[in-house]
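Please find below my comments on the structure, set out as numbered points. They move from one residue to its helix, then to a second helix and the chain as a whole.

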Amino acid sequence: LKQLFGSSTLDGARATFFGCGACNNMAQDNSAPAAEPVRDEVLERQVREAQAMQEECPCIEAAVKNYISLQTAKATTGVGKTAGGVPQDTKSLLGCARLFLKALNTLELPSAPEWGHLYPQEAEESGSDFMTRLGRYKVVRVLWQQCARAGQKPAKCLGRSVLEVVLPEIEKRIHQADAQQPAGVGCTDEQLGAFLDGFRETLDRTGCGAKARP
């Protein structure tokens with residue numbers, strides 16, 4: 001936790017998630033005891049989430065490599081269909097993977113309020129569920145920034161739970177840059193779309209799935 005938050009105490013985590021000044025004032029203000037237990041409970045949950053996310057295996061990059069191996073085997077042996085039924089070969093799969101990992105590793109996550117505007121509360125989503133989702137994003141963003149400060153790529157350090165949160169934004173960035181792809185990337189738009197759809201489906205099959213709101 002000291003590495004993640006810059007402090008081994010809950011106060012260090014509080015400074016990271018809620019802003020140092022306000023929380024320090026709250027901690028020193030005995031006239032406002034009611035909000036503190038609730039806030040600490042939220043922080044403790046976020047700390048547990050962060051620990052679990054850091055310990056997840058495989059990392060995103062390893063999962064992509066596993067997916068490429070599976071799709072390559074299908075393409076070369078003819079046993080089973082490649083994702084979306086779109087013809088793929090090793091070159092196209094590697095081209096798709098490079099584009100995906102580049103978009104992921106260069107992604108700069110916005111602040112939690114900005115993320116809330118990008119992915120607002122949906123009609124069937126309760127207010128508490130929306131706040132839980134936003135709180136989870138805050139944890140992901142802290143871990144993401146920690147990777148950047150350490151000079152590490154998120155794809156090498158983080159796993160499935162983080163990917164579920166950021167995947168919609170990664171896909172958005174890939175599609176936005178689609179028209180600007182340099183020649184020779186090794187895959188067509190159709191192959192890239194099938195790669196993304198197929199990789200997302202592997203998340204759906206192994207748990208709650210990336211179709212969940214980011």
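1. Leaving aside residues up to four places away in sequence, T72 touches T90 and L93. The model is a predicted one, and the contacts of T72 with T90 and L93 should be read as features of that prediction.

2. T72 belongs to helix 5, which covers residues 60–77. Is T72 buried or exposed? Its relative accessible area is 17%; because buried means under 20%, T72 is classed as buried.

3. The side chain of T72 also has a polar partner in the backbone. A polar atom of that side chain lies 2.7 Å from the backbone oxygen of I68.

4. A second residue that deserves comment is E164, located in helix 10, which comprises residues 160–176. With a relative accessible area of 8%, E164 falls under the 20% cut-off and is therefore buried.

5. Which side chain does E164 meet in a polar contact of 2.8 Å? The partner is R160, and the contact runs between the two side chains. Elsewhere along the chain, D204 is 40 residues from E164 in sequence, and the C-alpha atoms of E164 and D204 are separated by 9.5 Å.

6. E164 is one of a set of buried residues in helix 10. The set also includes S161, V162, L163, V165, V166 and L167. Further along the helix, E169, I170, E171 and I174 are buried as well. The list thus contains the acidic residues E164, E169 and E171 beside such residues as V162, L163 and I170.

7. The geometry of helix 10 calls for two remarks. Its 17 residues should span 24 Å at 1.5 Å a residue, and the end C-alpha atoms are 24 Å apart, so the expected and modelled spans agree. Where does helix 10 bend? A bend of about 55° is found at V166, and a proline, P168, follows within four residues. V166 itself is among the buried residues of the helix.

8. As to the chain as a whole, the protein has 11 helices and 0 strands. Read from the N terminus, its elements run α-α-α-α-α-α-α-α-α-α-α.

9. Of the 214 residues in the protein chain, 41% count as buried. The accessible surface comes to about 11,700 Å², and carbon and sulfur atoms account for 53% of that surface.

10. Finally, a point on contacts along the chain. Among contacts between residues at least 6 apart in sequence, 73% join residues at least 24 apart.

Definitions and conventions:
Residues numbered from 1 in each chain as written. Predicted model: local features only at pLDDT ≥ 70, side-chain atom pairs only at ≥ 80, totals over all residues. Heavy atoms only, no water. Helix = DSSP H or I, 4+ residues; strand = E, 2+ residues; numbered from the N terminus. Buried < 20%, exposed > 50% of the residue type's maximum accessible area, 1.4 Å probe, protein only. Polar contact = N/O pair within 3.5 Å; in protein donor to acceptor, adjacent residues only side chain to side chain. Expected span 1.5 Å × (residues − 1). Bend = angle between axes of the 7 residues up to and from the residue. Contact = heavy atoms within 4.5 Å. Areas by Shrake-Rupley, 256 points an atom, 1.4 Å probe, with all protein chains shown as cover.
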